[in-house]
Amino acid sequence: MSDPRARIIRGRILSFVGAPRLAGPRAMPVVEDGAVLMENGRIAAVGEAAATIAKAPAGAAVDDHAGKLVTAGFIDTHIHYPQTRVIASYGAQLLEWLQKYTFVEEQRLRDRGHAEVVARFFLDELFRQGTTTAMVYCTVHPESVDAFFEEALKRGARMIAGKVMMDRNAPPGLMDDPRRGYDESKALIARWRGRGRLDYAVTPRFAVTSSEAQLEAAGALLRETPGAYMQTHLDENVAEIAFVKQQFPWAASYLAVYERYGLLGRRSVFGHCIHLERSEVAAMAASGSVAAFCPTSNLFLGSGLFDMKRLDENGVRISLATDVGGGTSYSMLQTANEAYKVLQMGGQSWPAVQAFYQMTLGNARALGLEDRIGSIREGLEADIVVLDARATPAMAHRMDSVAGDLAEELFILMMMGDDRAVRQTYVAGRPVKDAPA
Ligand code: GUN
Ligand code: ZN
């Protein structure tokens, strides 16, 4: 649902045209007194405020955010919508955490009514945090996928999601079988792909919970659905890796299991990728697969430290993600904060401009969506966030010592900012922060 009425956002416009690491300051032109004109869900014009406002039709709404930063909406490339009531569950690492908390809660999404309540909460929360697109795991139940897509469609949001396929090592209430997993996924693809701004991700949860026959079926779904995404987990936790090696003794590595079934590629997003062997790094790079860095989750579950430098130097495509409910915050700003600290632990640096690039255009590129979202450019979809680096007393106090340095302001936003720093979020041209859906 886009807003048919023209709307103008006035503020400091900050939009990436390239990766700052490669293009330097040219990657991020800023218009200090700028405006964005949005019509029919798209960006109709962007530039200096006076010139852009002059292009607006009579009666256009004007949202004056003068002085505030206006950027593309954030993109979260790995998140579990059924885990809104799992977030902050105490004291376990991955495999125990799944059994003790996650698999218990996910069974409740068998109930369509409950799934609808959770989907509504989830999308409200993403929008409050400035996230406008996400790549989302549902549960094994097709009802959970229907509930999610229906709500996303109603809101006109660009979302990618899929039914989790899992047929072993889980409670009976959370398992399908290879045939059913295939049939249900196939029907969901037919029902939802391409409606509104929705797309589908074939979602074998991870090698631990899928039989070889099921992974084979996931590969078939991908081959039969050109352009569809694939999402799964990889090399997150040491005990998980040992378990996968035990289950697939023929495989040279964890990733080799997925490779065997044709699950690698430019539209494949692998969550975590912490403990990759050299051959896995090479296979990720050669296939153009994406490694999703989930810092709050990796710290919370004690999984390990993501090595961005190693993956980057070896040509692996990288994205940033929350992984709620293993992750502890819906905020991409807070996710960037924790990413910075994880990289510090490995002696790596991560300037704020690179973090903001990653949350917007970088993640759009990781999903192959840079021609639709991720920057503020004429013709792109009008998914935009307005940020206030003085949102809290402590932030305002800190900002008092900043003399017009944008990089420093962005760093303060990423280290101290959260939903309070999000003044407004626009999805398809419509203000949605704290707005009734
Ligand atoms: N591996 C398999 N399933 C999950 C999940 O739900 N969360 C995380 N963090 N890792 C997983
Ligand atoms: Zn995950």
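# A walk from the zinc site to the sheet

Start at the zinc ion (ligand 2): its four donor atoms subtend angles of 91 to 164°, so the arrangement is irregular. For four donors, tetrahedral would need all angles between 85 and 135 degrees, and square planar would need opposite donors over 155 degrees apart with all others between 65 and 115; anything else is irregular.

Before you click on, note that this is a predicted model, where local features need pLDDT of at least 70, side-chain atom pairs count only at pLDDT 80 or more, and totals for chains, interfaces and linings use all residues. Residues are numbered from 1 along each chain as its sequence is written, chains are lettered from A and ligands numbered from 1 in the order written, and side-chain values use heavy atoms, leaving out hydrogens and water.

**Select the metal's partners.** Show His78 (NE2), His80 (NE2), His233 (NE2) and Asp323 (OD), which coordinate the zinc ion at 2.0 to 2.3 Å. Donors here are N, O and S atoms within 2.8 Å of the metal (3.2 Å for Na, K and Ca); water is not among the atoms, so the site may look incomplete. Along the sequence, the donor spacing reads H-x1-H-x152-H-x89-D. The pair His78, in strand S5 (residues 74–80), and His233, in strand S10 (residues 229–234), links distant parts of the chain, 155 residues apart. Strands are DSSP E runs of at least two residues, numbered from the N terminus. Both histidines, 78 and 233, are buried, meaning under 20% relative accessible area (1.4 Å probe, protein chains only).

**Now pick ligand 1.** It has 13 residues around it, the closest being His80, Gln83, Arg205, Glu236 and Asp323; the cut-off is a heavy atom within 4 Å. Which ligand atom does glutamine 83 approach at 2.9 Å? A polar side-chain atom of Gln83 lies that far from an oxygen of ligand 1. Aspartate 323 has a side-chain N or O atom 2.7 Å from a nitrogen of the ligand. The protein covers 100% of the 280 Å² of accessible area (Shrake-Rupley, 1.4 Å probe) that ligand 1 has on its own.

**Follow strand S5.** Seven of its seven residues are buried. S5 runs parallel to strand S6 (residues 131–137), paired over five bridges; pairing takes at least two DSSP bridges. Histidine 80 has tyrosine 137 as its bridge partner in S6.

**Finish at the open sheet.** Its seven strands are ordered S3-S2-S1-S4-S14-S15-S16, with mixed pairing. Strands S3 (42–48) and S16 (430–431) are the edges, each pairing on one side only. Zoom in on S1 (residues 7–14) and S2 (residues 30–39), antiparallel and joined by seven bridges; arginine 10 stands opposite alanine 35 in S2.

How values were computed:
Four donors count as tetrahedral if all angles lie between 85 and 135 degrees; four count as square planar and six as octahedral if opposite donors are over 155 degrees apart and all others between 65 and 115; anything else is irregular. Helices (H or I, at least four residues) and strands (E, at least two) are DSSP runs, numbered from the N terminus. Buried means under 20% relative accessible area, exposed over 50%, partly exposed in between (1.4 Å probe, protein chains only). A polar contact is a pair of N or O atoms within 3.5 Å; within protein, one must be able to donate a hydrogen and the other to accept it, and residues adjacent in sequence count only if both atoms are side-chain atoms.
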